[in-house]
Amino acid sequence: MRILSDFDGVWTDQRGEAAAIQAAFAREAAALMGVDEGQASEEFRGFHRRTLEDPASHGWWPRGYLSAFVDEDELLATGAVGRWLDHHADLPGAERWLAAIRAAGHERAEDLVNQSFGPAMRAYRDEGEHRLVPEAREVAEGLAGRGVEFVFEDTATTEKLRSMFAAEALEEGPLLRLVGDARKWWIEGPDPRLGFNGREVHLDRPRYREILGREQPDVVIGDVASLDLATPAFMRARSELGADLRLLLKGHEKASPWATSQVDLAPEDRLVDEV
């Protein structure tokens with residue numbers, strides 16, 4: 001058996017990282033507006049709630065395509081809020097944020113998000129807070145002992161994955177392989193796209209399709225259904241992957257109901273088989 005698993009969010013706990021990134025954006029906005037950081041953070045949470053009122057329209061928009069929905073991952077909140085601000089400049093609160101952001105030389109709120117996101121993420125990880133969950137080593141060694149091949153893939157580089165596994169005394173071998181730069185977020189063009197449980201998902205993700213086609217997994221595990229599971233679901237339906245492929249979503253307290261409820265749909269209509 002071969003399992004292909006997403007890494008961050010499945011084998012790491014990203015809640016602290018997401019909170020640090022949100023706080024960094026609010027802190028920079030507070031400085032630009034000349035208000036208390038606590039006030040800016042509360043207003044940020046209000047903007048985030050607005051995006052969650054219509055999650056099918058908000059989330060991660062690289063290259064002009066909605067790649068993942070805001071209610072699937074707390075890491076998507078900051079980018080979603082930035083884009084929401086840019087598209088709601090006439091609403092109370094948003095106007096003040098945008099005026100301050102533009103006065104600082106940024107054309108869009110998304111530009112400030114992009115400026116703060118990377119440094120905040122690196123600072124959090126440099127503090128040593130980003131690591132594998134405690135049970136990761138036991139699970140990996142247990143599966144290897146049963147002859148199960150485990151392939152970990154992620155948007156991060158392969159070197160970053162190696163360093164994190166090395167910190168837990170886990171090394172690559174025949175039954176444990178690491179694949180970086182999966183670029184699941186990269187959407188080449190508008191089609192193909194399909195509706196899953198009432199939301200349209202873009203499926204032209206060439207790098208991820210290449211990895212899936214090469215690995216031919218028996219199980220795919222992810223924590224963000226649109227990023228991790230939609231493409232293998234599409235390939236399964238087209239017989240590019242095995243008909244017995246199982247798509248597993250890691251459950252957590254803030255998992256998207258849109259994703260978790262799909263287990264009750266027919267196999268051809270869902271991108272989640274189990275939670």
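A pocket, in the sense used on this tour, is an open set of grid points with protein on both sides within 12 Å along at least five of seven lines. Keep that in mind while moving through this structure, which is a predicted model.

**The whole chain**

Begin with the entire protein in cartoon view, where the secondary structure comes to eleven helices and nine strands. The radius of gyration is 19 Å, close to the 19 Å that the globule rule gives for 275 residues, so the protein is as compact as a globular protein of that length. Aligned along the principal axes, its C-alpha atoms fill a box of roughly 60 × 40 × 30 Å. If you switch on the surface, about 12600 Å² is exposed, with carbon and sulfur atoms supplying 49% of that area, while 50% of the 275 residues count as buried.

**The largest pocket**

Next, select Trp60, Leu76, Phe117, Thr155 and Trp185, which, among the 34 residues lining the largest pocket, lie nearest its centre. About 920 Å³ of space lies in this pocket. To see which elements contribute to the lining, colour helix 1 (15-33), strand 2 (59-60), helix 3 (77-87), helix 5 (109-126) and helix 9 (225-228), each of which supplies at least two residues. Helix 5 deserves a pause, as the largest share of the lining, six residues, comes from this helix. Coloured by class, the lining of the largest pocket divides into 14 nonpolar, six polar and 14 charged residues.

**The second largest pocket**

Now move to Gly9, Asp13, Gln14, Arg15 and His252, the residues nearest the centre of the second largest pocket, which has 16 lining residues. Its volume is about 290 Å³, and its lining has three nonpolar, four polar and nine charged residues.

**Three stops in the loops**

Select aspartate 191 and proline 192 together, and look at the peptide bond that runs from the former to the latter, which is cis with omega near 5°. Proline 192 is found in the loop between strand 5 (176-179) and strand 6 (193-196).

Continue to alanine 169, located in the loop between helix 7 (158-166) and strand 5. Although alanine 169 is not a glycine, it has a positive phi of about 60°, and this residue is partly exposed, with a relative accessible area of 49%.

Finish at serine 239, in the loop between helix 10 (230-237) and strand 9 (246-249). Serine 239 has a positive phi of about 65°, although it is not a glycine, and with a relative accessible area of 65% serine 239 is exposed.

Technical notes:
Residues numbered from 1 in each chain as written. Predicted model: local features only at pLDDT ≥ 70, side-chain atom pairs only at ≥ 80, totals over all residues. Heavy atoms only, no water. 1 Å grid on protein atoms, 1.4 Å probe; cavity = no way out; pocket = protein on both sides within 12 Å on 5 of 7 lines; lining within 4 Å. Points joined across faces, edges and corners; volume = space filled by probe spheres on them. Helix = DSSP H or I, 4+ residues; strand = E, 2+ residues; numbered from the N terminus. Nonpolar A, V, L, I, M, F, W, Y, C, P; charged D, E, K, R; others polar. Rg over C-alpha atoms; globule rule 2.2 N^0.38 Å. Buried < 20%, exposed > 50% of the residue type's maximum accessible area, 1.4 Å probe, protein only. Areas by Shrake-Rupley, 256 points an atom, 1.4 Å probe, with all protein chains shown as cover.
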